[in-house]
Amino acid sequence: MSTTVQLPRWIDVGALPLMNLLLALLISGLVVLAIGENPVQVVEILLYGAFGYEEAWGYTLYYTTNFIFTGLAFAVAFHCGLFNIGAEGQAYVGGLGVTLAALYLDFLPFPVMLVVGMLGAMIFGAAWAYIPAYLQARRGSHIVITTIMFNFIASSLMVYLLVNVLRPEGSMTPESEQIAENLRLPFIHDIAAAFGIEMASSPLNLSFVYALVASVMVWLFIWHTRWGYAIRTVGANAVAATYAGIEPGKFIIIAMMISGALSSFMALNEVMGVQHRLLIDFTAGYGFVGIAVALMGRNHPFGIFLAALLFGMLYQGGAELSFEIPTISNDMVVVIQGLVILFTGAMEHMFRPRVTKMYTAWRLRRDAQEAA
Amino acid sequence: MSDTMHQMHGTGETGAVQPAIELRGIDKRFGAVHANKEIDLKVDKGTIHGIVGENGAGKSTLMSILYGFYQADAGTIHVDGKLCDIRGSEDAIAVGIGMVHQHFMLVETFPVLENVILGVEGGAVLRDGVDRAREELQRLEREYSLDIDPDAIVGDLSVGLQQRVEILKALFRGAEILILDEPTGVLTPQEADHLFRILETLKEQGKTVVLITHKLREIMAATDNVSVMRQGAMVAHRKTAETSPEELSELMVGRKVLLRLEKGDANPADTVLKVENLCVDNAQGVRKVKNASFNVRAGEIVGIAGVSGNGQSELLEALGGIRSVSEGVVELNGQDVTPGKGVDAAELRRRGVAHVPEDRHRMAMVTAFSAKEAAILGYEDDPAYQKGVFLDWQAISNATANMMSEFDVRPANPDLKAANFSGGNQQKLVLAREIMRNPELLLVGQPTRGVDIGAIEFIHKRIVAMRDAGKAVLLVSVELDEIMSLADRILVMCDGAIIGEVAASEANERVLGLMMAGVDPNEAKAVEGQS
């Protein structure tokens, strides 16, 4: 019953996440101290590794691309009240869609292929999300349970397909054939070169532009279309949705399929953009980190972009870190990433009540002064 | 006002009897809200003391402080003249304060006896406690004529009896002071009368009763003294015999209020809604509406009276297209619109059915939305709100501002979060959304639940205006006063069936009350005739 003043946006989406982030870094610093390294130096290397030179930027943004897609995927489902932890599996199966399109429709010209590859990913990713969505909407099976199970099923399915079906004759590695050169997404440095700009080579490719476009599209969809409105209504109050004539089940399925399609775009980056073939476990946990990205970004595309950039930085800077300081192993980098996820995602509400209280008290004092 | 308070304090101090409860300067803030402002209150021993006030006036907060749920920021509590530090319900029970909550705190699968001893079992072996409790319980029942079987399963008892179990629980714990929070909300008028008789017996036995309510009728009928709260402050104390409902309502609202609604005769025209043998089952397959048949004509208000939980909610939800119908037919202007067979809430809206549901928070509003987002709920498909594939937020904002000025919603800010409006203003926004569509049929449930007296007046006028504009209105309410003052015809529901119809001109509380309890209408009218 304790009514409080609504926090202004700059605190809600700016100051609070920043405080959580600083706390995460502070504790990471203590951990670094504990293993006998200098935290200041670690931060320096981390930042230099992420942004210090041109190639690093490329790598950071390449990781960012994956996080934008999986973060957006989580956010769309979340606006419908669904906790989709299946981005990992949806992206994985989406990768199968891209690969099949590239291997079997390779007669198509390059520009058509860009669209077909995207469609392949979308259809497969959305279809994989459809099954848990249907089970939730029509049978009441909890989406958290089913999506996590579908990650395992996707993983087993893909191992089977890669080992028994997609592996080329004579190859000993469980991966698909290379996709034809004209079907690959161009690297940003190649595009820049075409315009006469020289850039260091990095895995950053056209899918980063896709990610930015997708962010704008998701923003428009969620806040400026009828379906987006319906999805938010179902997420915020499913009974009110029924009252309004919005069938919750229908929009649960729609939101999940969009979520699955967004997850699958991660495969565009990995399969069409960088690896040029389907690899085992190419999703490498990006789907799960996407949850933290979305939560930290308050499920808003702009926030997701910033959070994705942060995690891109941690991935790239972290890789540099374990290279530069051998005592800081890759596991240590994972610890730092984990702390950031813990404080910005899972413990997102730690400071909120106190800050709200302080802000309310300040506002009341100010209002009283103004009244006087 | 203040001199009255002095008088009452004066009698307390000079009299030989200590007041049972004395609150001095109780102050409580929740963030920005000043819920209790330096409250002084004296409740004399062996009296029934009413506390009235609108929703949000701070009654429940004050009682929660007395019962130890909240700690006051300032002020002291004295029980029988002794300063008490009440930090939890155990402390309250220890000084002899018992509370009967609005929502019962009972284990439905346990028998009465086990519910009563819950928390005071007295030892690891249940048997000993139960045996000792049985004797004590029988004594209490006799003494206060509570009339309850100790071995009955609580879930099988009627709501009125469950409430008596709550009272028994408090007495078993040795309560000398009993606080009842809105005790009659779920009772039929007869059950309420029985409750007041029990309270009277308690008083005769020397117990003190504090009755919190917003129903003035109950205050006038049951209490000795009454205190009025408004916006967190205690504004007046009165002896019940020396005041009137008019004075109390004026004190509650802070201005003169019209208690009786002025409305002309109805001019019913063609039948708009025709319901035949309607049956509705709930999710568990229990039949909640049984063979309901009635019609509503243009230009009349048909009221459905009944104790909460007798199928009215399910009936209204089915007619609104939210629940599917198991059997029967619903016709709107002669066309079959039976919900479930391809007819949902959206389809009914398109055909001119507007629906103000009973439960605002659960159904009519998305409190996380801004007012303008809430103002298009159900009408988001309206072409006027579209701009190409996108929603036209500018148009929506203008439409919301229009609703707000038409229905006096405050603050008139379409961008404010719906949760930040008071209950009355939320309800006015919902009514504006539904009524300004100019529907053929308005379904409206509990239109004034949780709404201030001032807003009630306004809402009632708008509903009557709908009728006078030649629209059909179906009203469901558990407030008999509301049904009787608004409806032109009254249908009474009991246990899912419509057991009779009474013209508003012939309706009175006793007849309706008997029918609500399931008595045959003819018999009810006969009983009324004898008395």
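Domain bounds here come from an automatic or database domain assignment. Everything below refers to a predicted model.

**View 1. The two domains of chain A and where they meet.** The assignment splits chain A into domain 1 (1-37 + 327-366) and domain 2 (49-312 + 319-325). Taken over C-alpha atoms, the centres of the two domains of chain A sit 27 Å apart. Domain 1 of chain A puts 12 residues into the contact, and domain 2 of chain A puts in 9. On the domain 1 side, helix 1 (9-34) and helix 14 (330-346) of chain A each give two or more residues. Helix 14 of chain A has the largest share there, with 5 residues. That same side of domain 1 of chain A breaks down into 5 nonpolar, 5 polar and 2 charged residues.

**View 2. How far to trust chain A.** The mean pLDDT of chain A is 89, and 97% of its residues score at least 70. If you're zooming in on chain A, confidence is highest in helix 8 (residues 207-224), at a mean of 96. Helix 15 (residues 352-371) of chain A is where confidence is lowest, at a mean of 79.

**View 3. Chain B as a whole.** Chain B has 19 helices and 22 strands. Its radius of gyration is 25 Å, close to the 24 Å that the globule rule gives for 531 residues, so chain B is as compact as a globular protein of that length. Along the principal axes, the C-alpha atoms of chain B fill a box of roughly 75 × 50 × 45 Å. Buried residues account for 46% of the 531 in chain B. Look at the chain B contacts between residues at least 6 apart in sequence, and 66% of them join residues at least 24 apart.

**View 4. The two domains of chain B.** Here the division is into domain 1 (2-253) and domain 2 (271-360 + 439-530) of chain B. Their centres, taken over C-alpha atoms, are separated by 34 Å. Where they touch, 9 residues of domain 1 of chain B are in contact with 11 residues of domain 2 of chain B. Helix 7 (189-204) and helix 9 (245-253) of chain B each supply at least two residues to the domain 1 side. Helix 9 of chain B gives the most to that side, with 3 residues. By class, the domain 1 side in chain B has 4 nonpolar, 4 polar and 1 charged residue.

**View 5. An open sheet in chain B.** Four strands of chain B line up in the order 12-11-14-15, with antiparallel pairing, to make this open sheet. Strand 12 (287-297) and strand 15 (335-336) of chain B stand at the edges with a single partner strand each, so one side of each has no neighbour in the sheet. Strand 11 (residues 271-281) of chain B runs antiparallel to strand 12 of chain B, and 7 bridges join them. For one of the residues to pick out, take K274(B): its bridge partner in strand 12 of chain B is N295(B).

**View 6. A closer look at K239(B).** This lysine, K239(B), is found in strand 10 (residues 233-239) of chain B. K239(B) counts as partly exposed because 13 other C-beta atoms lie within 10 Å. T223(B) is 16 residues away along the chain, and the C-alpha atoms of K239(B) and T223(B) are 8.7 Å apart.

**View 7. Where chain B touches chain A.** In this contact, 27 residues of chain B meet 21 residues of chain A. On the chain B side, helix 11 (345-350), helix 12 (360-364) and strand 18 (390-391) of chain B each give two or more residues. That side of chain B has 17 nonpolar, 4 polar and 6 charged residues.

Definitions and conventions. Residues numbered from 1 in each chain as written. Chains lettered and ligands numbered in written order. Predicted model: local features only at pLDDT ≥ 70, side-chain atom pairs only at ≥ 80, totals over all residues. Rg over C-alpha atoms; globule rule 2.2 N^0.38 Å. Buried ≥ 20, exposed ≤ 12 C-beta atoms within 10 Å, placed from the backbone. Contact = placed C-beta atoms within 7 Å. pLDDT = per-residue confidence, 0-100. Nonpolar A, V, L, I, M, F, W, Y, C, P; charged D, E, K, R; others polar. Pairing = 2+ DSSP bridges.
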